[in-house]
Amino acid sequence: MTGPDVPVGRQHLPRRPTWLCRICGTDWPCLAARSLLPLDYLRDQTGLCVYLATMLQEALTDLHRLNPQPGPDPTRMYARFLGWAAPNRRPDPPDDDATRG
């Protein structure tokens, strides 16, 4: 997904096995990827989370192979890959029938 016909923003992909962005060299998903991925999955928040969870698992495997001790910190990795993408959930409004009963 890189080349002259691909917009620069779409080239913000991970370089494996280090999981650094191919363009900006920061931890992937970088700021550009975190800005663009939700646009790619605009109508599929679940699909975005599944994609990021898959990338998280692959990153954990790669990074653990590179540095098994102490290995990647699961809490930091979750925040890096999925924490920013969690939908802003609000409690559902109470069902009027349930509150009257």
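P17 sits in the loop between β1 and β2 (20–21), where helices (H or I, at least four residues) and strands (E, at least two) are DSSP runs numbered from the N terminus. The model is predicted, so local features need pLDDT of at least 70 and side-chain atom pairs count only at pLDDT 80 or more, while totals for chains, interfaces and linings use all residues. Residues are numbered from 1 along each chain as its sequence is written, and side-chain values use heavy atoms, with hydrogens and water left out.

The bond leading into P17 is a cis peptide: R16 and P17 are joined with omega at about 15°. A second cis bond runs from W28 to P29, with omega near 5°, and P29 belongs to the loop between β2 and α1 (31–40). Back in the loop between β1 and β2 there is also W19, a residue other than glycine whose phi is positive, near 60°. With 0% relative accessibility, W19 counts as buried (buried means under 20% relative accessible area, exposed over 50%, and partly exposed in between, with a 1.4 Å probe and protein chains only).

W19 turns up again in the largest nonpolar core, which has 16 residues; W19, W28, L37, L52, M77 and F81 touch the most other members. Such a core is a set of buried Ala, Val, Leu, Ile, Met, Phe, Trp, Tyr and Cys residues joined through side-chain atoms within 4.5 Å. Two or more residues of this core come from each of α1, α2 and α3, and α2 gives the most, with 6 residues. In soluble globular proteins, nonpolar side chains tend to be buried together.

Helix α3 (residues 74–83) has M77, R80, F81 and L82 as its buried residues. These lie on the same side of α3 because they cover an arc of only 155° around the axis, taken from the directions from the helix axis to the C-beta atoms. T75 and R76, on the other side of α3, are exposed. The buried residues of α3 pack against α2 (45–66), with contact meaning heavy atoms within 4.5 Å. M77, for one, touches L56, A59, L60, L63, P72 and L82, leaving out residues up to four places away in sequence.

M77 and R80 also help line the largest pocket, along with T18, W19, L20, D27, L63, P72, D73 and R76. This pocket has a volume of about 180 Å³. On a 1 Å grid over the protein atoms alone, a pocket is an open set of points where a 1.4 Å probe fits, with protein on both sides within 12 Å along at least five of seven lines, and lining residues have an atom within 4 Å of a point. The largest share of the lining, 3 residues, comes from α3. By class there are 5 nonpolar, 1 polar and 4 charged residues, with Ala, Val, Leu, Ile, Met, Phe, Trp, Tyr, Cys and Pro counted as nonpolar, Asp, Glu, Lys and Arg as charged, and the others, Gly among them, as polar.

Two histidines round out the picture. H64, in helix α2, is partly exposed at 41% relative accessible area. Beyond its neighbours within four places in sequence, H64 contacts A59, G71 and P72. H64 and P17 are 47 residues apart in sequence, yet 9.8 Å apart in space, C-alpha to C-alpha. H12, in the segment before β1 (14–15), counts as buried at 12% relative accessibility. Residues up to four places away aside, H12 touches C21, I23, C24, W28, C30, A32 and A33.

Notes
Grid points are joined across faces, edges and corners, and a volume is the space filled by probe spheres set on the points.
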